[in-house]
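Me: I'm new to this one and would like a close look at just one part. Please start with the salt bridges, stay with one helix for a while, and keep it informal.

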Amino acid sequence: TQFNSASLNRHLSRAYGNNIAGYKNEGFVEVLAAQQSPENPNWFQGTADAVRQYMWLFEEHNIMEFLILAGDHLYRMDYQKFIQAHRETDADITVAALPMDEQRATAFGLMKIDDEGRIVEFAEKPKGEKLRSMMVDTTILGLDPERAKELPYIASMGIYVFSKDVMLRLLRENFPAANDFGSEVIPGATEIGLRVQAYLYDGYWEDIGTIEAFYNANLGITKKPVPDFSFYDRSAPIYTQPRYLPPSKVLDADVTDSVIGEGCVIKHCTINHSVVGLRSCIYEGAVIEDSLL
């Protein structure tokens, strides 16, 4: 990213340096900052341009695919299954697809598929007749008939698997001026006859790139009896920076349906349906409701 990059880089180095590799010590996280050069005087112009500018580095690795992800989405996906589906369908590109109903569909870029799950058409935030024309049979991708009737549209999640040679050819030869994957490269790949497959993800996913979405996603973890997104899945842990703060202290307070971070002191107050961040001090007489602190 080019926004608050120093803060992001510091968080990544502290939070993931010791955790991401696991016991085999095979993984790593490396931040590739936006830069200017004599060959390219521009900063990153979009998702595809960012990858293109560092393609010289990526192509050195002896790999089969590239996995393209977004940094402002909240979800839990097994990428091994995603890549396996890409290989089994012999796809050039595979796009993660989220099933949705008509009400939500108007806010997303939708895709239309054939009876093999191959993407044949894209439409950006369609309405009216154009929206209805984008309805698909989502049982093709694995939804049961009842759910497929409720969710007859599929939206792109902005998550992609590219075969290595395809990525190199698209960014350097076919679309050397394209800046964005979602609106330029992938629709263009479909038009020139590449096999672009849809991969169904039927789970919690939220784009938290706006303040409203970020707020709603945080309050969603207080939901009863099961939160929208759980941080307690042992099979897929979420790592963060360890701060070694003392446990939170709650004295004569009324706290309901809330999540309290570490190192807080909460005394003689009322907290309902809220998320309280670490090191917060909430004292006598305070009332916190439906809030993210």
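**Salt bridges, and one helix up close**

Reply: Let's start with Lys130 and Glu121, whose side chains meet in a salt bridge, 2.6 Å from N to O. Keep in mind that you're looking at a predicted model. Neither partner is tucked away: Lys130 is partly exposed because its relative accessible area is 37%, between the 20% and 50% cut-offs, and Glu121, at 25%, counts as partly exposed as well. As a general point, side chains of opposite charge can pair when their charged atoms come close.

In total, the structure holds 10 salt bridges. Another one pairs Asp202 with Arg147, with the closest N and O atoms 2.5 Å apart. That pair ties together distant parts of the chain: Asp202 sits in the loop between E7 and strand E8 (205-207), Arg147 belongs to helix H7 (residues 145-150), and 55 residues separate the two. Both are partly exposed, Asp202 at 41% relative accessibility and Arg147 at 30%.

Now for the pair that takes us to our helix. Glu65 forms a salt bridge with Arg87, and their closest N and O atoms are 2.9 Å apart. Here, too, distant parts of the chain are linked, with Glu65 in strand E1 and Arg87 in helix H4, 22 residues apart. The two ends sit in unlike surroundings: Glu65 is buried, with a relative accessible area of 15%, while Arg87 is partly exposed at 45%.

So what does the rest of H4 look like? Helix H4 covers residues 79-88, and its buried residues are Phe82, Ala85 and His86. These three span an arc of only 105° around the axis, so they lie on the same side of H4. It helps to know that an α-helix has 3.6 residues a turn, so residues three or four places apart point the same way. Look at the other side of H4 and you'll find Gln80, Lys81 and Glu88, which are exposed.

What lies over the buried residues? The cover includes strand E1 (65-68), strand E3 (93-100), strand E6 (153-163) and strand E7 (196-200). You've already met strand E1, since Glu65 is in it.

Finally, check the two ends. At the start of H4, a side-chain oxygen of Asp78 comes to within 3.0 Å of the backbone nitrogen of Gln80. Just after H4, Asp90 has a positive phi of about 55°.

Note on methods
Residues numbered from 1 in each chain as written. Predicted model: local features only at pLDDT ≥ 70, side-chain atom pairs only at ≥ 80, totals over all residues. Heavy atoms only, no water. Buried < 20%, exposed > 50% of the residue type's maximum accessible area, 1.4 Å probe, protein only. Helix = DSSP H or I, 4+ residues; strand = E, 2+ residues; numbered from the N terminus. Arc of directions from axis to C-beta. Contact = heavy atoms within 4.5 Å. Polar contact = N/O pair within 3.5 Å; in protein donor to acceptor, adjacent residues only side chain to side chain. Salt bridge = Lys/Arg side-chain N within 4 Å of Asp/Glu carboxyl O.
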